[in-house]
Amino acid sequence: MRDEIKINPGISKLQPLIAPAISCSNLHSPFLPALKRPALDGVNCVIRSGEFVTLLGLNGAGKSTLLRSLVGLVPIQAGSIHINGLSVRSQPLRHSQDVSILFQGGGLVPQLTALENVLCGCLGQRSTWQTLLGFRRHDRLRALQLLQKMGLEAQMNQRTSQLSGGQKQRVAIARVLMQSPKILLADEPIAGLDVLAAKQVMDIFAQLHQQGMTIVTVLHDLTIATHYAQRAIVLDSGRVIYEGDCENLPDYFSIGNP
Ligand SMILES: Nc1ncnc2c1ncn2[C@@H]1O[C@H](COP(=O)(O)OP(=O)(O)OP(=O)(O)O)[C@@H](O)[C@H]1O
Ligand SMILES: [Mg+2]
């Protein structure tokens with residue numbers, strides 16, 4: 001099963017027409033002694049510009065490691081990653097301007113307000129001096145607009161520790177959007193949210209996708225994944241076992257069984 005990569009034939013005929021936003025070739029992350037293999041054990045996949053792709057797989061399959069490796073947080077042991085045609089190894093700073101990651105759990109600073117958390121999103125784009133001088137009016141305005149877009153204008157001065165899970169997740173989305181990414185990677189963005197909050201978050205992604213953003217999101221809910229995503233990539237034990245449309249997903253519950 002590990003060596004069987006199924007590419008949906010109908011989709012793959014169309015794909016060469018659109019430029020790849022992300023391509024991974026024989027990607028290996030560093031060897032993990034506890035696992036006796038790397039978390040990513042030869043990943044091959046292509047995500048086209050403007051696609052909405054869901055990354056699926058059981059716990060420990062390597063989904064978070066893959067997303068983290070795409071933004072340079074996990075070293076490449078072997079193989080390659082190209083983002084918009086540039087190698088992640090040789091151009092780490094160039095590609096980091098195009099890609100933003102929404103971490104599993106959101107990663108907000110609980111003591112800061114929603115607005116301050118969103119403003120933190122632009123810190124990487126400012127020099128130390130600019131940061132010491134405080135946020136520019138332009139940045140504050142943009143952060144406020146993003147919070148408005150997320151339906152959180154009323155909560156902008158509330159500490160994020162006082163917000164609900166769904167509200168926190170929307171603050172986290174606003175924070176990554178401060179970076180104006182072309183590609184958004186989201187790791188379990190609706191984990192722990194009720195159906196309404198999950199729908200709000202997924203609808204925001206759908207809207208961003210309609211505006212041209214490439215979206216790659218880890219999901220565990222197959223119904224939601226197939227409703228929103230155009231294509232699925234399924235990982236099992238650090239390898240891609242399926243890449244294709246969501247209708248023809250393999251028997252999900254057999255993944256990981258010997
Ligand atoms: N920093 C690390 N040190 C050691 N092992 C790690 C580290 N990060 C991940 N792993 C291991 O690599 C494998 C893949 O982990 P990863 O977090 O990518 O899985 P996942 O598919 O995101 O799982 P989940 O659905 O539970 O979030 C797991 O077996 C995990 O224990
Ligand atoms: Mg994970």
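# Helix packing and cores in a predicted model

Helices H6 and H7 cross in a right-handed way. The model is predicted. This report starts with that helix pair, moves on to the cores, and ends with some single residues.

## Three helices in contact

Helix H6 covers residues 137–149, and helix H7 covers residues 165–177. Their axes lie 9 Å apart, and the packing angle is about 140 degrees. H6 is therefore oblique to H7. The contact can be followed residue by residue. On the H6 side are Arg142, Leu146 and Leu147. They meet Val171, Ala174 and Leu177 of H7.

H7 also packs with helix H8, which spans residues 195–210. Here the axes come within 9 Å and cross at roughly 20 degrees. An angle under 35 degrees counts as roughly parallel, so H7 and H8 are roughly parallel to each other. The crossing of this pair, H7 and H8, is right-handed.

Which residues of H7 meet H8? They are Gly166, Gln169, Arg170, Ile173 and Leu177. On the H8 side, the partners are Ala197, Gln200, Val201, Ile204, Phe205 and Leu208. Leu177 also belongs to the H7 residues that meet H6.

## The nonpolar cores

In soluble globular proteins, nonpolar side chains tend to be buried together. In this model, the largest nonpolar core holds 45 residues. Leu147, Val171, Ile173, Phe205 and Leu208 touch the most other members. H8 gives the largest share of this core, with seven residues.

Where does this core lie with respect to the two domains? Domain 1 is made of 1–98 and 181–243, and domain 2 of 107–180. Both give residues to the core, so the core lies between them. Apart from this core lies another one, of 27 residues. Its members include Leu40, Val43, Leu55 and Val88.

Val171 deserves a separate look. Leaving aside residues up to four places away in sequence, Val171 touches Leu108, Ala114, Asn117, Val118, Leu147, Leu152, Thr160 and Leu163. One of these, Leu147, is in H6.

## Helix H2 and Leu70

Helix H2 runs over residues 63–70 and contains Leu70. H2 is mostly covered, with six of its eight residues buried. The buried ones are Lys63, Thr65, Leu66, Leu67, Ser69 and Leu70.

Is Leu70 buried or exposed? The relative accessibility of Leu70 is 2%, so Leu70 counts as buried. Leu70 also comes together with a residue from another part of the sequence. Leu185 is 115 residues away from Leu70 along the sequence, yet their C-alpha atoms are 8.8 Å apart in space. Leu70 falls in H2, whereas strand E10 takes in residues 183–187. After H2 comes Gly72, and its phi is positive, near 80 degrees.

## Positive phi in two loops

Two residues other than glycine, Glu188 and Ser237, have positive phi values. The table sets them out.

| Residue | Loop | Phi | Relative accessibility |
|---|---|---|---|
| Glu188 | between strand E10 (183–187) and H8 | near 50 degrees | 15% |
| Ser237 | between strand E12 (231–236) and strand E13 (239–245) | near 50 degrees | 22% |

Buried means under 20% relative accessible area. With 15%, Glu188 therefore counts as buried. Ser237, with 22%, is therefore partly exposed.

Note on methods
Residues numbered from 1 in each chain as written. Chains lettered and ligands numbered in written order. Predicted model: local features only at pLDDT ≥ 70, side-chain atom pairs only at ≥ 80, totals over all residues. Heavy atoms only, no water. Core = buried A, V, L, I, M, F, W, Y, C linked by side-chain atoms within 4.5 Å. Buried < 20%, exposed > 50% of the residue type's maximum accessible area, 1.4 Å probe, protein only. Helix = DSSP H or I, 4+ residues; strand = E, 2+ residues; numbered from the N terminus. Domains from an automatic or database assignment. Contact = heavy atoms within 4.5 Å. Axes fitted to C-alpha atoms, helices over the stretch in contact; angles between N-to-C directions. Parallel < 35°, antiparallel > 145°, perpendicular 65-115°, else oblique. Left-handed = near helix turned anticlockwise from the far one by under 90°.
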